[in-house]
Amino acid sequence: MKKRNGCLTAGLILTGFMAVFILLGCFWTPYDPTAMAVGPKLDGPSLQHWLGTDNFGRDIFSRVWKGTGATSAIALSTVALGAVLGVTAGALTGYFGGWVDGALTRLNDAITAFPSILLALVVLSLLGSGNKYHVVLALGLVFAPGYARISRTAYASLREANYVQSARLMGAGHGRILLVHLLPNTLYSLMPALTIGFNNAVLAEASMSYLGIGVTPPDASLGYMLSEGQGMFSAAPWYALGAGGVIVLLVFGVGLVGQGLQSRDRGVG
């Protein structure tokens, strides 16, 4: 029990630290992330350049800092879009049932029949690669079915609850019941899924950008920096290790939070 509580606490601390790190990077970095020749090319870590410089003389720490914020913003936007679409579909199917449930559930099953990352690549190829908004849209669409399944179960289990029946007797419409009475009571069951979704979005965006079909310059991205760092790993390993290390910390912290929330859902800790 203590271990699981400690897991949640550690996750919140690490995630909070990363959140502060990201927010600070939105307003200030030691150097302009795109400025060239701010130091010697492929210079090692030093007091002036904590992660050294790349082959253009750019400060790697500033680039990683700014890229962490960009990747996190894409992941959060993806989760938000996927959750809105998924919760809406899940609420309609779970609350109304009948033909609405049958139609939307079949559509949900059809989408989940394909591997999510493959489907995202298909959507991205149709929209056009190299645009962060297209990445958000593609990932949000393929992640939505997961949230829909969870929401459907939650809404179906609560639609006949006493407080819902009381609201109907008092004349509350379907919209008010869905948004005011049911939505707040179903959100907590989504929290672990949202943390998993964030981590999946971070890794998916990094993978796409690494392959050159996600975010491309001049926009920053941890995945693209990993791709850059691979090409110069023998001369400047600190580039790839810096970007990769931040991804690990970010995903690990959020993952600990999700694990802790799942433990609380099961009544442990």
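**Notes on the aromatic pairs, the salt bridges and helix α3**

1. Let's start with Trp-50, which is exposed, with a relative accessible area of 57%. Keep in mind that this is a predicted model, so the values here are all computed from predicted coordinates. Trp-50 counts as exposed because the cut-off for that label is over 50%.

2. What does Trp-50 pair with? The partner is Phe-61, and the aromatic pair they form is tilted, at 5.2 Å centre to centre with 50° between the planes. The two come from distant parts of the chain: Trp-50 sits in the loop between α1 and α2, Phe-61 sits in helix α2, and their positions lie 11 residues apart in the numbering. Unlike exposed Trp-50, Phe-61 has 16% relative accessibility and counts as buried.

3. Phe-61 has another ring to look at. The structure holds six aromatic pairs, and one of them joins Phe-21 to Phe-61. This pair is edge-to-face, with 6.4 Å from centre to centre and 65° between the planes. Here too distant parts of the chain are linked, since Phe-21 belongs to helix α1 (residues 2-27) and Phe-61 to helix α2, 40 residues apart. Both Phe-21 and Phe-61 are buried.

4. If you want to see the aromatic residues as a group, pick out Phe-21, Trp-28, Trp-50, Phe-61 and Trp-65 in the viewer: together they form one aromatic cluster. So the cluster takes in exposed Trp-50 as well as buried Phe-61.

5. Now for the charged side chains. Side chains of opposite charge can pair when their charged atoms come close. How many salt bridges does the structure hold? There are four. One of them runs between Asp-54 and Arg-58, whose closest N and O atoms are 2.7 Å apart. Asp-54 is buried, with a relative accessible area of 0%, and Arg-58 counts as buried at 9% relative accessibility.

6. Arg-58 also forms a salt bridge with Glu-228, and there the closest N and O atoms are 3.5 Å apart. That pair links distant parts of the chain: Arg-58 lies in the loop between α1 and α2, while Glu-228 lies in helix α8 (residues 222-231), 170 residues apart. Glu-228 is buried, as is Arg-58.

7. Glu-228 has a further partner worth a look: its side chain meets that of Arg-63 in a salt bridge of 3.2 Å, N to O. Because Arg-63 lies in helix α2 and Glu-228 in helix α8, the pair ties together parts that are 165 residues apart in sequence. Arg-63 counts as buried at 11% relative accessibility, and Glu-228 does so at 17%. Through shared partners, the salt bridges join Asp-54, Arg-58, Arg-63 and Glu-228 into one network.

8. Last, a word on helix α3, which covers residues 98-112 and has 15 residues. From its first C-alpha to its last, α3 reaches 21 Å, close to the 21 Å expected at 1.5 Å a residue. Which residues of α3 are buried? They are Val-100, Asp-101, Gly-102 and Asn-108. What covers the buried residues of α3 includes α2 (60-96) and α5 (132-158). You have already met α2 above, as the helix that holds Phe-61 and Arg-63.

Note on methods. Residues numbered from 1 in each chain as written. Predicted model: local features only at pLDDT ≥ 70, side-chain atom pairs only at ≥ 80, totals over all residues. Heavy atoms only, no water. Helix = DSSP H or I, 4+ residues; strand = E, 2+ residues; numbered from the N terminus. Expected span 1.5 Å × (residues − 1). Buried < 20%, exposed > 50% of the residue type's maximum accessible area, 1.4 Å probe, protein only. Contact = heavy atoms within 4.5 Å. Phe/Tyr/Trp six-rings, centres within 6.5 Å; stacked < 30°, edge-to-face > 60°.
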